[in-house]
Every structure is written in C-alpha cells, then in structure tokens.
Amino acid sequence: MKKYFIILCLFFPLSLFGQTVSLLTVNQLDNRLSVGKDTVYLVNFWATWCAPCIEELPHFEKLADTMNGKPVKVLLVSLDFKSKLETVVRPFVKKLQISNEVYLLNEKSQQDYIDRIDKNWSGAIPATLVVNTKRRIRTLVEKELTYDELLNLYKTNISDE
Amino acid sequence: MNKIIAALFLLVQIGTSAGAQVKSYEPGSLVSDFKLKNVNNKQVSLADFSGAKGYIIVFTCNTCPYAKAYEQRIIDLHNKYAEKGYPVIAINPNDPEVSPGDSFAAMQERSTSKKYPFPYLIDQDQTVTRRFGATRTPHVFLVDKTNEGNKVAYIGAIDNDTEDNNPDKIRYVEKAIGALMSEKAPETTVTKAVGCTIKWKKGTGTSL
C-alpha cells in the first residue's frame, strides 16, 4: 500500500501537494498561449493583497475541476512584488492548496506590461484574460467574476466542434 | 399590462444608463465641476478653490493595499504642491455596501488618523467616478485651470514604483505639474498601473 502511495506521489506530486509558483514573463506567457490551438485559456491576474481576487480563486479551481478533460486551461498569474515570492506568495499558494498552475509575473514596468497583456486593461485587478488561438479570441475582463460569469466566459469562448 | 411595460421600460433605461457610458475624460478633455461631500460634511467643488492653478484629483480609498501604499505619497504631493496652486482632492469611488471599509464613517476615521491635509470626498452615486472614467484606486487625474476651463493634463499613476524602493523612479504627477508650471504640455499624459478595481454598486458595473 505504501508503495502505491509513493508511486502516486511520483506521478501526481502537484495535485497532491498543491502548486509551486514559477516566475513568468509576458513573452513566456504569450508563447504558452500560442501553443494551445483549440484550448481556452483563462489567465487570471491576481495578488495575495487583493481581497476580491482571493474570493474568486475558488471559482477558477472549481471550473478547472468541473471541466477536467476538456480543452480549458487556467493560469493564475500573481502580480505580487517579486520580493514577496518566497515570503508571501509561495506559502499562500501552499496554504490554499491551489491546484491550477500559479505564476508570478516577472516584469519590471507596469506601464509596459499592462499594455502588452491587453491594450484595454487599465491595470486594475482582478482581471481575466481569455485566449482561444483557434478562434483568434483574446479579450480581457477587468472585474471580479462570480462562478456563473466565469463559466459563461468559458462557454462563450470554446472552440467550435 | 401597462405596469409590465413600464417595468420593462425602466429596466431598459437602467440597462442603458449603466451600459451606455458617456465618453470618459482623456487628456485635453474639459472637466465639469462637481459637488461632493467631504469628510467634514461640507460640500466641495472645484470652484471653491479660487486661487488654484489646477487640481490633483485622486480616486483612492481606505481599503485597497495599493492605495494605502501610495497614501503618504498623496499627502506629500499635497504638501509640496498645494501652496504652488495644485491642491490634492481625494475622492473615494467605492460603494460602501460592496466595500464596508470604505464607508463615510471609515473615511472620516482614516482622514483624521492620517491627518489628511486635503479634502476626502465620497462619490455616493459614483456619477463623478464614471464621468472621469476612473477604473481603479489609486487613479490620478491632473487638471489644469485654463482660459477654456478645467482641462485634463495627465491621467494615471503617481509614479512607476509602487513598492517605493527605486530612487530612480519616474514621478509622473510631479513631472506633469512641473511642465504645467512652466506652461508646457506634460511629456507623458497617460500611464497605466496596477490597482484595485472600483467597487461598483451591485448591478451597475460592467457586465460581460
């Protein structure tokens, strides 16, 4: 039994122990999004200091869980200061046992990266970027989402059968 | 039946009034004056500042960590520029029902404990916030008093260093005021920055 548990741990280390948090530049994010083809990417910009962001995190967990096996991918991109990665962000993600992929945006200039992520984004968070390469969709919603709104956002941007 | 039609009509009206936004201010726009309640219960409008050459209007609040990170810098701006003719006018855009920490009483408390040297106004129905097109806290609108009227000179962030640890930071608002004082147009007129979304009254925010 113990052996199986160890094997399980080897195969599913992330789902068992929650995510690590890696650094991510906008270029890396764009590369990641471009390989998706028919995948709907929901990229949520959040921060540990942003109360409404934290309130909506469970919705993203629930969506990824419910839509497991479907071409949808949630990326949680924290805008916390890089200096808080070890002291605040990683412990926070561990404590919440977040199973979606979590990153910390590795960019210096807000003035620069906000526009590169989306011209229509003013910089307020929470904000969620929806990308579907196949349908050439890239839109940003600058507001806090309820679960139903998030589900709707996903459904209206799925690839055609 | 008439009642239903009337109700439907009302719904459509509410829908359009929330959705059909009047174009919000851009650099160069003329600002209409407003009258909002200050923490001392008195109404404040731009016209009250007869000696002003302009205004540093800051949409900010009690609760947003980024607004708090900039709080002292907002106080410093006022202390540095009010006597030069550019006072700070702080406006809290958040609906207290959505964000209880931003209630009028909480605003009074904060402005007293932090000794705000500037008015801290509540935009109860969020009309002024919408008209300006503020989207986050903190969000600055630097307004220049000209012969044509009060004209928006700069919209955006206070500086490019929220964490406040870069001695080479670009102080956008100070640079823009410097330009105005030497009767030039600011070099940078719009900047973007991370902040908290405005807490709109339920049912009036942007819909999907």
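Colleague: What pLDDT does chain B average?
Modeller: This is a predicted model, and chain B averages a pLDDT of 90, with 87% of the residues scoring at least 70.

Colleague: Where in chain B is the pLDDT below 50?
Modeller: That would be residues 10-20 of chain B. Beyond near neighbours in sequence, this stretch has one contact in the model.

Colleague: And what ipTM and pTM does the complex get?
Modeller: The predictor gives an ipTM of 0.81 and a pTM of 0.86 for the complex.

Colleague: OK, on to the interface. How many residues of each chain are in contact?
Modeller: On the chain B side there are 15 residues, and they are in contact with 22 residues of chain A.

Colleague: Which element of chain B gives the most to that side?
Modeller: Strand β9 of chain B, residues 195-197, gives the most, with three residues. The side of chain B that touches chain A divides into five nonpolar, seven polar and three charged residues.

Colleague: Which strand of chain A pairs with β9(B), and in what sense?
Modeller: β9(B) pairs with strand β5 of chain A, residues 124-125, in the parallel sense over two bridges. Within that pairing, A:Ile125 has B:Cys196 as its bridge partner.

Colleague: Nice. Switching to the sheet in chain A: what is the strand order, and is the sheet open?
Modeller: Yes, an open sheet of six strands, in the order β1-β4-β3-β2-β6-β7, with mixed pairing. The edge strands are β1 (21-24) and β7 (137-141) of chain A, each pairing on one side only. From one strand to the next, the twist averages 25°.

Colleague: In what sense do β2 and β6 of chain A pair?
Modeller: Strand β2 (residues 40-46) and strand β6 (residues 127-132) of chain A run antiparallel, paired over five bridges. As one spot to look at, A:Tyr41 stands opposite A:Val131 in β6(A).

Colleague: Now the helices. At what angle do α4 and α7 of chain A pack?
Modeller: Helix α4 (residues 51-66) and helix α7 (residues 147-155) of chain A pack at about 45°, and their axes are 9 Å apart.

Colleague: Why are they called oblique?
Modeller: Angles under 35 degrees count as roughly parallel and 65 to 115 as roughly perpendicular, so at about 45° α4(A) and α7(A) are oblique to each other. Their crossing is right-handed.

Colleague: Which residues meet there?
Modeller: From α4(A), A:His59, A:Phe60, A:Lys62 and A:Leu63 meet A:Tyr147, A:Leu150, A:Leu151 and A:Tyr154 of α7(A). The residues of this contact divide into six nonpolar, one polar and one charged.

Technical notes. Residues numbered from 1 in each chain as written. Chains lettered and ligands numbered in written order. Predicted model: local features only at pLDDT ≥ 70, side-chain atom pairs only at ≥ 80, totals over all residues. Pairing = 2+ DSSP bridges. Helix = DSSP H or I, 4+ residues; strand = E, 2+ residues; numbered from the N terminus. Axes fitted to C-alpha atoms, helices over the stretch in contact; angles between N-to-C directions. Parallel < 35°, antiparallel > 145°, perpendicular 65-115°, else oblique. Left-handed = near helix turned anticlockwise from the far one by under 90°. Contact = placed C-beta atoms within 7 Å. Nonpolar A, V, L, I, M, F, W, Y, C, P; charged D, E, K, R; others polar. pLDDT = per-residue confidence, 0-100.
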